[in-house]
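Biologist: Could you walk me through one helix-to-helix contact in close detail? After that, please place it beside the rest of the model for me.

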Amino acid sequence: MSMSRRRLLGAGGGLALTGALASACGTNTGRGGDDHAGQPVIEQWYHQYGEAGTEQAVRRYADAFDGANVQVQWRPGNYDQQTAAALLTDSGPDVFEASGPSLDQIQGGQVVDLTDLLSEAKDDFNPTVLEQKTYQGKVWGIPQVIDMQLLYYRKSLLADAGVEPPDTLDALIDAAKKLTTKNVKGLFLGNDGGPGVLAGTPLNAAGLELITKDGEIGFDDPAAARTLGKLHQLYAEKSLLLGAPSDWSDPAALTQGLTAMQWSGLWALPQVQKALGEDFGVLPFPKDGADGAPAVPVGAYGAAVSAKTKHKAEAKAYVKWLWVDRTEYQEDFALRYGFHIPARISLAKKAAKLRTGAAGEAARYAFDHGHVSEPLLWTAAARTAYQDALSRIIKGGANPDGELRSVIRKAQAELRRVKKKN
Amino acid sequence: MRGTYRRRLLGPQNRHLWFWIFVGPFVLGLTLFTYVPLAWSAYLSFFDAHNTVSPTDFVGLDNYTAMLGDDAFTDSLVTFLVFTALIVPATYVLSLGLALMVNRLRWAQAFFRSVFFLPVACSYVVAALIWKISIFNGVRFGLANTVLDWFGADQIAWLSTTEPPWYWLVIVTVRLWLQAGFYMVLFLAGLQRISPRLYEAAAVDGARPGWQVFRHITFPQLRATSVAVVLLLVINAFQAFDEFYNLLSDARGYPPYARPPLVYLYYTALGQGQNLGLGSAGAVILALIIAVVTVVQARWFGLGRKED
């Protein structure tokens with residue numbers, strides 16, 4: 001049969017339309033389906049960890065679960081933004097790793113109450129990080145592993161410059177200045193100069209909090225302006241490393257000799273140890289003022305269950321199985337690939353890697369000087385206002401008092417908003 | 001009867017049918033992915049829509065007053081103005097200069113046209129990362145700092161220094177590199193439309209080649225192209241996002257300086273804030289500003305008016 005060009009185009013158009021309709025009507029959305037063996041399919045999301053072997057490990061855990069076919073998605077990029085947007089749709093994850101979940105996600109009914117999963121194990125979870133996942137007495141995320149941040153320093157560079165490891169903020173500023181040379185800067189607090197990573201840590205070091213236990217603003221105090229104002233000196237004296245190829249979370253700036261001291265995470269410890277051997281030490285953020293105390297921020301990624309999942313029971317059972325019952329997986333995940341503290345106190349205490357050397361000191365800082373990195377009531381809008389103010393204080397030398405007044409106004413408005421939804 | 005209906009529907013020679021077969025999918029896509037979200041965004045802007053796209057809490061104009069009273073949003077508009085003031089004249093002058101140069105070439109014109117046009121094909125994200133990581137990083141082995149080092153100058157943290165605001169140099173040069181070639185092609189088309197007789201007449205009248213001919217013949221003849229170029233440049237500047245975001249953001253956020261409106265709205269609506277009502281109000285305000293600026297600019301330049 002001969003086919004005219006018009007007929008061919010018509011047939012092509014028809015086929016394309018049929019294909020489009022078929023794919024539009026398809027059900028392969030990754031949610032709610034059952035696999036061929038009749039098991040429910042659960043989609044689990046993780047953010048992209050930098051440590052080699054982590055992805056294979058979580059896939060191995062997922063494969064070992066009998067109650068559902070768990071499909072792991074390893075997601076690079078802006079993970080928190082991705083999950084926040086995906087939770088608005090029906091094609092988001094069933095189980096997902098979250099640095100929160102955030103208060104807006106909890107109040108918006110986007111996540112499931114997981115309180116009953118902890119049962120008698122609740123007291124064995126680190127209370128600081130569990131508090132961050134608890135709202136109105138209910139637990140909305142099961143902490144997986146604890147991450148903390150701390151100050152790394154090169155022992156040899158400090159010794160060469162005749163500088164002692166700093167134990168006050170003034171000593172840190174002084175040390176950073178003395179350690180700065182033409183090619184090596186004294187301190188690296190991230191490429192933005194510190195506002196992003198430091199968050200409430202300088203306030204903790206001054207004896208203050210972002211949000212108090214009573215749910216009020218915790219830095220409406222002259223000490224806050226005094227401490228934050230001192231950070232400008234680091235910038236003004238050109239002691240800060242800025243514009244490094246990788247940011248604070250990667251210890252490359254320290255190991256490549258671009259800086260003498262760097263604020264980074266505990267996860268970086270194996271890399272630092274491999275590159276510098278014994279030539280490094282760790283410190284908490286040093287105290288400031290008479291009421292101050294050394295401080296380290298601690299936080300935890302936790303496992304949350306989307307309220308839109310069609311397999312709520314299976315998803316909850318999986319989270320309980322993985323992060324409450326199978327403690328050997330938690331230990332493996334925390335300590336075998338990178339360096340994190342298990343969320344279960346009993347596991348953290350018996351972990352040999354956390355008992356000696358710099359790791360042992362870091363773990364002790366987390367227990368003795370740990371503050372929750374961001375309280376649940378500290379909303380995204382309050383965080384942006386605070387980070388903006390801190391940036392203007394550090395880089396622009398803006399008046400800390402005036403800047404903090406405006407942050408307090410914004411944060412109070414946010415507190416009123418979220419409390420109204422109770 | 002059936003035949004009449006069919007003819008009316010399909011039109012003479014099936015023209016309507018073919019029109020809808022070819023145009024229909026695009027109309028459908030445009031409606032689904034542009035007009036419906038636009039309308040939905042306008043709807044959301046009147047609601048308290050934290051973490052939801054189907055809100056119930058009507059708040060009237062609260063989101064609009066909050067956005068207009070938000071210093072960070074008004075600062076982002078100032079950022080846009082500064083960016084426009086830098087990028088529009090810079091691109092205009094560079095692309096016109098390139099077009100004049102390429103147009104005069106007697107040989108290898110196609111080669112040089114391609115060379116200058118090629119960056120247009122590069123992704124904004126890729127270019128921004130090259131600028132950030134290789135050329136303008138703040139350490140001693142960045143390209144720009146290596147050059148400074150040859151002259152004994154201090155290293156500069158290009159993207160993190162606010163006084164002086166070196167980050168503008170990075171932001172403007174990356175966009176200049178990416179878009180100058182495109183506008184060069186527009187100017188080339190404009191240049192090739194100018195009748196050679198005008199130049200011959202000018203020569204006969206004694207006009208000196210070079211600046212005098214450019215000022216009195218070439219530049220006025222490029223008026224229509226110039227108007228279109230400036231209009232496009234201003235609208236594109238308003239929509240700036242990719243290079244700003246990739247040059248200045250990190251995992252923890254974005255510094256308060258050089259934050260254009262779209263980046264701010266992204267963090268408000270799609271970032272962890274997920275305040276879709278407030279973000280939508282900002283988007284509507286921004287769309288209105290772009291529309292007003294475009295109309296005013298078009299009327300000022302006389303866009304669409306018949307040439308005298």
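**A helix pair in chain B, and its surroundings**

Modeller: Happy to! In chain B, Gln109(B), Arg113(B), Phe116(B) and Phe117(B) of α5(B) meet Gly181(B), Phe182(B), Met184(B), Val185(B), Leu188(B) and Gln192(B) of α8(B), where contact means heavy atoms within 4.5 Å. This is a predicted model, in which local features need pLDDT of at least 70 and side-chain atom pairs count only at pLDDT 80 or more, while totals for chains, interfaces and linings use all residues. Residues are numbered from 1 along each chain as its sequence is written, chains are lettered from A and ligands numbered from 1 in the order in which they are written, and side-chain values use heavy atoms, with hydrogens and water left out.

The residues of that contact divide into six nonpolar, three polar and one charged. Here Ala, Val, Leu, Ile, Met, Phe, Trp, Tyr, Cys and Pro count as nonpolar, Asp, Glu, Lys and Arg as charged, and the others, Gly among them, as polar.

Two packed helices are described by the angle between their axes and the distance between the axes. For α5 (residues 109–117) and α8 (residues 167–193) of chain B, the axes come within 8 Å and cross at roughly 140 degrees. Axes are lines fitted to C-alpha atoms, for helices over the stretch in contact, with angles from 0 to 180 degrees between N-to-C directions. Helices (H or I, at least four residues) and strands (E, at least two) are DSSP runs, numbered from the N terminus.

Chain A offers another pair: α8 (residues 169–179) and α11 (residues 222–236) pack at about 10 degrees, with axes 9 Å apart. These two are therefore roughly parallel, a term for angles under 35 degrees. In α8(A), Leu169(A), Asp170(A), Ile173(A) and Ala176(A) meet Thr227(A), Lys230(A), Leu231(A), Gln233(A) and Leu234(A) of α11(A). Their residues divide into five nonpolar, two polar and two charged.

Chain A as a whole comes to 19 helices and 12 strands. Of its 422 residues, 57% count as buried, meaning under 20% relative accessible area with a 1.4 Å probe, protein chains only. One charged residue to look at is Glu403(A) in helix α19 (residues 400–420) of chain A: Glu403(A) is buried, at a relative accessible area of 14%. Not counting residues up to four places away in sequence, Glu403(A) touches Ala389(A), Arg392(A), Ile393(A) and Ala398(A).

Key
Parallel < 35°, antiparallel > 145°, perpendicular 65-115°, else oblique. Buried < 20%, exposed > 50% of the residue type's maximum accessible area, 1.4 Å probe, protein only.
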